[in-house]
Amino acid sequence: MAGPKSVVCEAQTWTTTTVKEALAAKERFVRDPSLGAKAGDGPAKERCEVFRWVEVSVDEVLKLKARDPGLQLRCVECKMPVRVHRALLQAGSPTPHFEHYDRNPTCSRSDA
């Protein structure tokens, strides 16, 4: 029995946040002065880049993969690796979705 077709996954990518949030999450970050904070604003307003897992859609992944073919993707539920499937041109083909590399019988988003 097949699980629901997953249209979101998590991708490991650079994202912008505040220095305060990055410090609270104990994440490594890169300060980026071009992100709008003024000198002396402190970590509450100062922006930075962090490399983290973020939830993305099929369309977003297809755009990201064009720039980074080695982009890492994982299931939002079980965190196992997934791959993206585009829609085929023929009628009746599956809609774009993510699929586990290896079936995971404990995940509702995997074909078990």
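This section describes the strand pairing, nonpolar core, salt bridges and a nonpolar surface patch of a predicted model.

Strand E1, which comprises residues 8–18, pairs with two other strands. With strand E3 (residues 47–57), the pairing is antiparallel and is made through 11 bridges. Within this pairing, Ala 11 of one strand has Val 54 in E3 as its bridge partner. The pairing of E1 with E4 is likewise antiparallel and extends over 2 bridges. Here Glu 10 is placed opposite Arg 74 of E4.

The largest nonpolar core of the model contains 13 residues. Cys 9, Val 56, Val 61, Leu 73, Val 82 and Phe 98 have the most contacts inside this core. At least two core residues come from each of E1, helix H2 (58–67) and E5. The greatest contribution is that of H2, which provides 3 residues. The surroundings of Cys 9 were examined with neighbours within four places in sequence set aside. On this basis, Cys 9 contacts Val 54, Glu 55, Val 56, Val 61, Leu 73, Arg 74, Val 76, Val 82 and Phe 98. The contact list of Cys 9 thus includes Val 56, Val 61, Leu 73, Val 82 and Phe 98, which are also listed among the core residues with the most contacts.

Across the whole structure, 7 salt bridges were identified. In one of them, Lys 79 is paired with Glu 10, and the closest N and O atoms are 3.0 Å apart. Lys 79 is located in the loop between strand E4 (73–74) and strand E5 (82–85), whereas Glu 10 belongs to strand E1, so this salt bridge ties together parts of the chain that are 69 residues apart in sequence. The two partners differ in accessibility: Glu 10 is buried, at 12% relative accessibility, while Lys 79 is partly exposed, with a relative accessible area of 38%.

A second salt bridge joins the side chains of Arg 109 and Glu 77, with an N to O distance of 3.8 Å. Arg 109 lies in the segment after strand E6 (97–100), and Glu 77 in the loop between E4 and E5; the two residues are 32 residues apart and the pair links distant parts of the chain. Arg 109 is partly exposed, at 27% relative accessible area, and Glu 77 is also partly exposed, at 36%.

A further salt bridge is formed between the side chains of Arg 83 and Glu 99, at 3.2 Å from N to O. This pair connects strand E5, which holds Arg 83, with strand E6, which holds Glu 99, across a separation of 16 residues. Relative accessibility is 28% for Arg 83, which is classed as partly exposed; Glu 99 falls into the partly exposed class as well, with a value of 25%. Elsewhere, Glu 10, Arg 74 and Lys 79 are joined into one network by salt bridges that share partners. Two members of this network, Glu 10 and Arg 74, are the residues that stand opposite each other in the pairing with E4.

At the surface, Trp 14, Val 30 and Phe 51 make up a nonpolar patch of about 310 Å². Phe 51 is part of strand E3 and is partly exposed, with a relative accessible area of 42%.

Key:
Residues are numbered from 1 along each chain as its sequence is written. This is a predicted model: local features need pLDDT of at least 70, side-chain atom pairs count only at pLDDT 80 or more; totals for chains, interfaces and linings use all residues. Side-chain values use heavy atoms; hydrogens and water are left out. A salt bridge is a side-chain nitrogen of Lys or Arg within 4 Å of a carboxyl oxygen of Asp or Glu. Helices (H or I, at least four residues) and strands (E, at least two) are DSSP runs, numbered from the N terminus. Buried means under 20% relative accessible area, exposed over 50%, partly exposed in between (1.4 Å probe, protein chains only). A nonpolar core is a set of buried Ala, Val, Leu, Ile, Met, Phe, Trp, Tyr and Cys residues joined through side-chain atoms within 4.5 Å. Contact means heavy atoms within 4.5 Å. Patches are made of residues with over 30% relative accessible area and no salt bridge: like charges are joined within 9 Å, nonpolar side chains (Val, Leu, Ile, Met, Phe, Trp, Tyr) within 5 Å. Accessible areas come from the Shrake-Rupley method with a 1.4 Å probe; for residues, only the protein chains shown count as cover. Two strands pair if DSSP finds at least two bridges between them.
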